[in-house]
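Me: I'm new to this structure and would love a close look at a single part of it. Could you pick one strand, walk me through its surroundings, and then show me how it fits with the rest?

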Amino acid sequence: MHGLARGVSEMDCLRDWPEPIVRVQSLSESGAEIIPARYVKPPAERPSVGPPGVNEACIPVVDLALLEDGADASSCDAATVKAIADACRGAGFFQAVNHGVSPGLLRRAREVWRGFFHLPMEEKQRYANLPNTYEGYGSRLGVDKGAILDWGDYYFLHFLPLCLINHQKLMNEYRETTDEYGEELTKLCRRILRALSMGLGLEADRLPEAFDEEGVCMRVNFYPKCPQPDLTLGLSAHSDPGGITILLVDDHVAGLQVRKDNSWITVRPLPDAFIVNVGDQIQVLSNATYKSVEHRVTVNAASERLSMAFFYNPRSDIPIGPIPELVSPARPALYQPMTYDQYRLFIRQRGPRGKKLAG
């Protein structure tokens with residue numbers, strides 16, 4: 001068994017949560033008009049909740065219809081490669097349309113997972129997770145005792161490497177749809193990674209080679225209604241620690257905000273599109289040519305919200321540093337090599353935080 005599994009075992013020190021877990025959905029459904037103090041953010045971190053349309057924007061939209069796969073990756077449409085690279089150099093995010101994943105599968109994935117979060121609590125509790133892997137049904141990220149918490153529950157699961165998969169106990173309707181979804185998005189991530197490599201002026205396989213062996217996982221986020229949405233967040237400001245994130249958002253309820261020019265912009269999603277962003281490992285490998293941008297999630301009083309965040313990451317036990325071809329006397333290496341396991345352990349201990357706080 002390769003070192004990725006060994007690397008994850010180093011996180012076994014995180015064997016339990018530091019305090020009893022409270023399900024946010026239960027708080028929401030209690031009818032309370034005031035949220036517990038544990039969820040109230042400091043004033044500087046609270047969202048500005050205005051009327052719909054205020055501070056909303058479309059991030060770059062990229063048509064992936066001509067993005068080739070497999071052996072033909074090097075012949076990808078040059079304009080598509082440039083559009084992806086430009087978006088990741090600037091906004092760090094783009095919306096992918098004509099991505100090749102069936103809209104029917106997107107709807108089915110949303111439906112089955114929304115159904116999970118509306119199961120009776122005792123049934124969901126069978127899947128309660130622990131912080132060493134996050135696998136299963138959870139309600140907090142990070143193990144800092146006494147931390148201010150986010151207003152959201154989630155279900156986390158692994159796809160690759162196969163030795164990490166632990167969701168066979170899921171009911172068939174979740175497992176079958178989720179496995180199909182995972183296969184399709186893994187293919188899409190491979191196509192995007194090759195395009196990102198070419199966008200750096202490298203061979204299509206250069207970034208995949210740096211990833212060595214892909215790690216694939218997903219977090220299904222459920223943000224219940226909140227009686228005081230101006231005081232809390234569904235997910236605190238953070239940048240994604242991994243490689244590529246493909247986000248399927250709720251098609252009726254907005255919530256994702258991206259930091260742009262020291263302001264928070266609410267993303268206006270397109271129907272059946274994916275929201276794609278690069279994470280910290282791609283920023284490191286590209287020597288900061290591509291930007292891993294901070295983002296956060298707001299909640300609201302009128303509607304619950306579901307999103308599915310699919311993470312495509314490098315092998316976790318090999319050092320990740322700037323690709324040598326992107327380092328020169330004029331542009332020296334901006335990062336010291338670190339394994340993704342080391343980086344991920346740091347994130348898991350502290351939970352989601354802005355880059356300035358994370359150091």
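Reply: Happy to help: what follows is a tour that starts at strand 8 and works outward from there. Please keep in mind that this is a predicted model.

First, a little orientation. The protein has 10 helices and 15 strands. Of its 359 residues, 54% are buried. Among contacts with a separation of 6 or more, 81% are between residues 24 or more positions apart.

Now to the strand itself. Strand 8 covers residues 244-248, and 5 of its 5 residues are buried. In a regular strand the side chains alternate between the two faces of the sheet. Which residues sit on each side of strand 8? Ile244, Ile246 and Leu248 are on one side, with Thr245 and Leu247 on the other, and both faces are covered.

Strand 8 also has partners. It is joined by 4 bridges to strand 11, residues 274-278, and the two run antiparallel. Another 5 bridges link strand 8 to strand 13, residues 305-313, again in an antiparallel arrangement. Leu247 is a handy landmark here: Ile275 of strand 11 stands opposite it, and so does Ala309 of strand 13.

Let's take one residue from each face, beginning with Ile246, which is found in strand 8. Its relative accessibility is 0%, so Ile246 counts as buried. What does Ile246 touch, leaving out residues up to four places away in sequence? The contacts are Leu185, Leu188, Cys189, Ile192, Phe274, Ile275, Val276, Met308, Ala309 and Phe310. Ile246 and Ala96 are 150 residues apart in sequence, yet their C-alpha atoms are 9.2 Å apart in space.

On the other face, Leu247 leads us to a cavity. The model has 3 cavities of 30 Å³ or more, and the largest has a volume of about 150 Å³. There are 17 residues lining this largest cavity, and those closest to its centre are Leu235, Leu247, Leu256, His295 and Ala309. Strand 6 (215-223), strand 7 (235-238), strand 8, strand 12 (295-297) and strand 13 are the elements that each give two or more residues to the lining. Strand 13 provides the largest share, with 4 residues. Ala309 therefore appears twice in this picture: Ala309 stands opposite Leu247, and it is also among the residues closest to the centre of the largest cavity.Strand 11, one of the partners of strand 8, connects us to helix 3. The buried residues of helix 3 pack against strand 11, and also against strand 2 (61-63), strand 3 (93-97) and helix 6 (172-199). Those buried residues are Thr80, Val81, Ile84, Ala85, Ala87 and Cys88. They cover an arc of only 160° around the axis, which puts them on the same side of helix 3. The face turned away from that buried side carries the exposed residues Ala78, Ala79 and Lys82. As for its length, helix 3 has 12 residues, which at 1.5 Å a residue should span 16 Å; the end C-alpha atoms are 16 Å apart, so the two agree.

A few spots elsewhere are worth a visit too. Most residues other than glycine have a negative phi, and most peptide bonds are trans. Where is there a cis peptide bond? The bond from Leu160 to Pro161 is cis, with omega near -5°. Pro161 is in the loop between strand 5 (153-160) and helix 6.

Two residues that are not glycine have a positive phi: Tyr134, near 70°, and Asn262, about 65°. Tyr134 lies in the loop between helix 5 (121-124) and strand 4 (136-138), while Asn262 lies in the loop between strand 9 (256-260) and strand 10 (263-267). Is each of them buried or exposed? Tyr134 is buried, with a relative accessible area of 8%, whereas Asn262 counts as exposed at 69% relative accessibility.

The last stop is Ala210 in helix 7, residues 206-211. Its relative accessibility is 15%, under the 20% limit, so Ala210 counts as buried. Not counting residues up to four places away in sequence, Ala210 touches Leu285, Ile318 and Ile320. Thr339 in strand 15 is in contact with Ile318 and Ile320 as well, among others.

Note on methods
Residues numbered from 1 in each chain as written. Predicted model: local features only at pLDDT ≥ 70, side-chain atom pairs only at ≥ 80, totals over all residues. Heavy atoms only, no water. Buried < 20%, exposed > 50% of the residue type's maximum accessible area, 1.4 Å probe, protein only. Pairing = 2+ DSSP bridges. Expected span 1.5 Å × (residues − 1). Arc of directions from axis to C-beta. Contact = heavy atoms within 4.5 Å. 1 Å grid on protein atoms, 1.4 Å probe; cavity = no way out; pocket = protein on both sides within 12 Å on 5 of 7 lines; lining within 4 Å. Points joined across faces, edges and corners; volume = space filled by probe spheres on them.
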